[in-house]
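Dear colleague,

Please find below the structure that I agreed to pass on to you. My notes on it follow directly after.

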Amino acid sequence: MSKIKIMSFNMRTQASGDGENQFLNRREFIAERLKELKPDVIGCQEMQPIMYDWLNETLKEYCVVGAGRGEALDNEAVCVAYRRDKFYLCSTDTFWLSPEPYKPGSRYTGDQSSCPRICTMVTLKPRDGAPFRLYNIHTDHVGKYARVLEVNQLLARIVEDDKKLKTPVFVTGDFNDTPDSLCIKTMLEYDGGRFTDLCSDSGQTFHAFGSYINEAGKIDYIFAEKGINCINTEVIRDKRGNLYLSDHYPIMAEVEI
């Protein structure tokens, strides 16, 4: 069996309007904590190219995969970072959450925002164990029904990939929705309850750099198939003065597969 630490971390895109908490000021703090926490796999959201490059250059023990969501594969990426010394990368894919999943920049119509949304999948094989798949997703921040379409597309993709190679499955992400929403219920009720929220007791994860205090702010998740042994979970709420790791609290689960 393999023990694996899985993290979901919305790093908050670089925005000068965040002042003291813009990414360029937070990056050293982030690097220090990641080196201390030592997650094996990180599902990262809101990764601008400057952030993607920084992660590759600063945390050399990780390999980072994923593409930007724009028409030219630019703009924000939903990346997966994994430890080079622990895993072999068997496959990876980035697809758009839209009726045309391989049309860069595509999106659902209706109530979805103008932002294209994507998901990055990896199949990883631990050097001491059997492979697993992880999907990292960032659903729309505006459209209630768009989020349900996006989650249903994710679930359909998981089933499609199961037919090629049946492995344990994990999903990390910022779902922009709370546990009582139709979006999250769709995840938890799928196929008679195939998935469970490993960090169901995390409480608030979105806090807007400390300005949003509301327990209903849980929008970040790590889902796993039922039957996977979860050893422990952690919500990383570190701050230094007024400096936060992000406007979201990263969450982490250690599992055994």
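In this predicted model, 57% of the 257 residues of the protein chain count as buried. The accessible surface comes to about 10700 Å², and carbon and sulfur atoms contribute 50% of that area.

With regard to overall form, the protein chain contains four helices and 14 strands. Its radius of gyration is 17 Å, close to the 18 Å that the globule rule gives for 257 residues, so the chain is as compact as a globular protein of that length. The C-alpha trace spans about 50 × 45 × 35 Å along its principal axes. Among contacts with a separation of 6 or more, 71% are between residues 24 or more positions apart.

I would draw your attention to one sheet in particular. It is open and has six strands in the order β3-β4-β2-β1-β14-β11, with mixed pairing. Because β3 (62-65) and β11 (229-235) stand at the edges with a single partner strand each, one side of each is left without a neighbour in the sheet. From one strand to the next, the twist averages 20 degrees.

The strands β11 and β14 (residues 251-256) run antiparallel and are joined by six bridges; Cys230 has Val255 in β14 as its bridge partner.

Two helices pack on this sheet. Helix α1 (residues 23-37) touches β1 (3-10), β2 (41-47), β3, β11 and β14, and its direction makes about 160 degrees with that of β1. Helix α2 (residues 49-58) touches β2, β3 and β4 (77-83), with its direction at about 150 degrees to that of β2.

Yours sincerely

Definitions and conventions:
Residues are numbered from 1 along each chain as its sequence is written. This is a predicted model: local features need pLDDT of at least 70, side-chain atom pairs count only at pLDDT 80 or more; totals for chains, interfaces and linings use all residues. Side-chain values use heavy atoms; hydrogens and water are left out. Two strands pair if DSSP finds at least two bridges between them. Axes are lines fitted to C-alpha atoms, for helices over the stretch in contact, and angles run from 0 to 180 degrees between N-to-C directions. Contact means heavy atoms within 4.5 Å. The radius of gyration is taken over C-alpha atoms; the globule rule is 2.2 Å times the number of residues to the power 0.38. Buried means under 20% relative accessible area, exposed over 50%, partly exposed in between (1.4 Å probe, protein chains only). Accessible areas come from the Shrake-Rupley method with a 1.4 Å probe; for residues, only the protein chains shown count as cover.
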